[in-house]
Amino acid sequence: MYLIAAVGVTVIVLPPLALVLKTPWDTFIEQVTSQSSRDALRLSLQTAAATTVLCVLLGVPMAVVFSRHDGLLVRVIRSLVLLPLVLPPVVGGLALLYTFGRLGILGGPMREAGIDIAFTTTAVILAQTFVALPFMVISVEGALRTAGTRYEDVAATLGASPTRVLWKVTVPLVAPSVLAGLVLSFARALGEFGATITFAGNAPGVTQTAPLAIYVAAIDDPQQAIPMSLLLVLISLIVVVGVHSRRRRGVSRG
């Protein structure tokens, strides 16, 4: 068992370690602080932050509905909402393109109204939201199902209004899960590639996020793509450690 576990750990840990070993440290700072790298990283952080806000605004209400209802229609809708978790990102990008693109079912009428989404920064945010939103829904829905409705029922019995129950009972109950979903959504948005390049394109300063910049650099010279790749690995590691530490503190307090 330990040997098999060690093999599994090696499969996961060795590739990031290889990046560390192959990183051109003598030019690392110069490469990650170049104008193109800074533009790509700044766009990634800005769009990922906007995506995270959308995931909270859209994901939390959906999680509440899914956790409180279990009819056939709700189960079907829930399955569709979680579809991006298993859908190839490129397929998701094509779906977005044929929905919001210039010839899409919504993009055509929107273009006539003077609104273009495809191949813009807005398209980056929409693509990231498409793939990251399910993480928020799953995190919050799981917490709500575990907590049940007993505390909310007691508060309502004591005369609390629905709004007061929401803010004084429900929100505090799921706050740790919302934070976990928020961090995971941000991390997923930061690393999004397939849906973004398909729906938003790869225009430097407009739609070229850090993963896209890494892809372009790797085509010309894989060695040039390592510094930015390692930087994203470090950011992702910080996210994972932060979420894990938060959960361990929550378990300890429980």
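A residue counts as buried when its relative accessible area is under 20%, as exposed when that area is over 50%, and as partly exposed in between. With that vocabulary in hand, the structure above, which is a predicted model, can be read step by step.

The overall picture comes first. The chain's secondary structure consists of twelve helices and zero strands, so a walk along the sequence gives the pattern α-α-α-α-α-α-α-α-α-α-α-α. Taken along the principal axes, the C-alpha atoms fill a box of roughly 65 × 60 × 30 Å. Of the 254 residues in the chain, 35% are buried. Among contacts between residues at least 6 apart in sequence, 74% join residues at least 24 apart.

How do the helices meet? One useful example is the pair formed by helix α3 (residues 35-68) and helix α9 (residues 162-190), whose axes lie 8 Å apart and pack at an angle of about 140°. That angle makes α3 oblique to α9, and the crossing is right-handed. On the α3 side, the residues that meet α9 include Ser44, Leu45, Ala48, Ala49 and Thr52; their partners in α9 include Val178, Leu182, Phe186 and Ala189. The residues of this contact divide into eleven nonpolar, four polar and no charged.

Phe186, found in helix α9, offers a closer look at this meeting place. Leaving out residues up to four places away in sequence, Phe186 touches Leu45, Ala48, Ala49 and Thr52. The C-alpha atoms of Phe186 and Val53 are separated by 9.1 Å, although these two residues are 133 residues apart along the chain.

A second pair of helices can be read in the same way. The axes of helix α5 (residues 89-100) and helix α7 (residues 121-147) come within 11 Å and cross at roughly 130°, and the two helices are therefore oblique to each other. Their crossing, too, is right-handed. Here Gly92, Leu96 and Phe100 in α5 meet Leu126, Ala127 and Phe130 in α7. The contact is made up of five nonpolar residues, one polar residue and no charged ones.

Helix α7 also holds Gln128. Is this residue buried or exposed? Gln128 counts as buried because its relative accessibility is 1%. Apart from neighbours within four places in sequence, Gln128 is in contact with Thr47, Ala48, Thr51, Ala189, Glu192, Thr196 and Thr209. Two of these names are already familiar: Ala48 in α3 and Ala189 in α9 also take part in the contact between those helices.

Finally, the aromatic rings deserve a look. The count comes to two aromatic pairs. Trp25 and Phe28 form a tilted pair, with 5.2 Å from centre to centre and 40° between the planes. Phe28 is buried, since its relative accessible area is 12%. Phe193 and Tyr215 form a tilted pair as well, with 5.2 Å centre to centre and 55° between the planes. Where do these two rings sit in the chain? Phe193 lies in the loop between α9 and α10 (194-199), while Tyr215 lies in helix α11 (residues 210-220), so the pair ties together parts that are 22 residues apart in sequence. Phe193 has a relative accessible area of 27% and is therefore partly exposed. Tyr215, at 42% relative accessibility, counts as partly exposed too.

Notes
Residues numbered from 1 in each chain as written. Predicted model: local features only at pLDDT ≥ 70, side-chain atom pairs only at ≥ 80, totals over all residues. Heavy atoms only, no water. Axes fitted to C-alpha atoms, helices over the stretch in contact; angles between N-to-C directions. Helix = DSSP H or I, 4+ residues; strand = E, 2+ residues; numbered from the N terminus. Parallel < 35°, antiparallel > 145°, perpendicular 65-115°, else oblique. Left-handed = near helix turned anticlockwise from the far one by under 90°. Contact = heavy atoms within 4.5 Å. Nonpolar A, V, L, I, M, F, W, Y, C, P; charged D, E, K, R; others polar. Buried < 20%, exposed > 50% of the residue type's maximum accessible area, 1.4 Å probe, protein only. Phe/Tyr/Trp six-rings, centres within 6.5 Å; stacked < 30°, edge-to-face > 60°.
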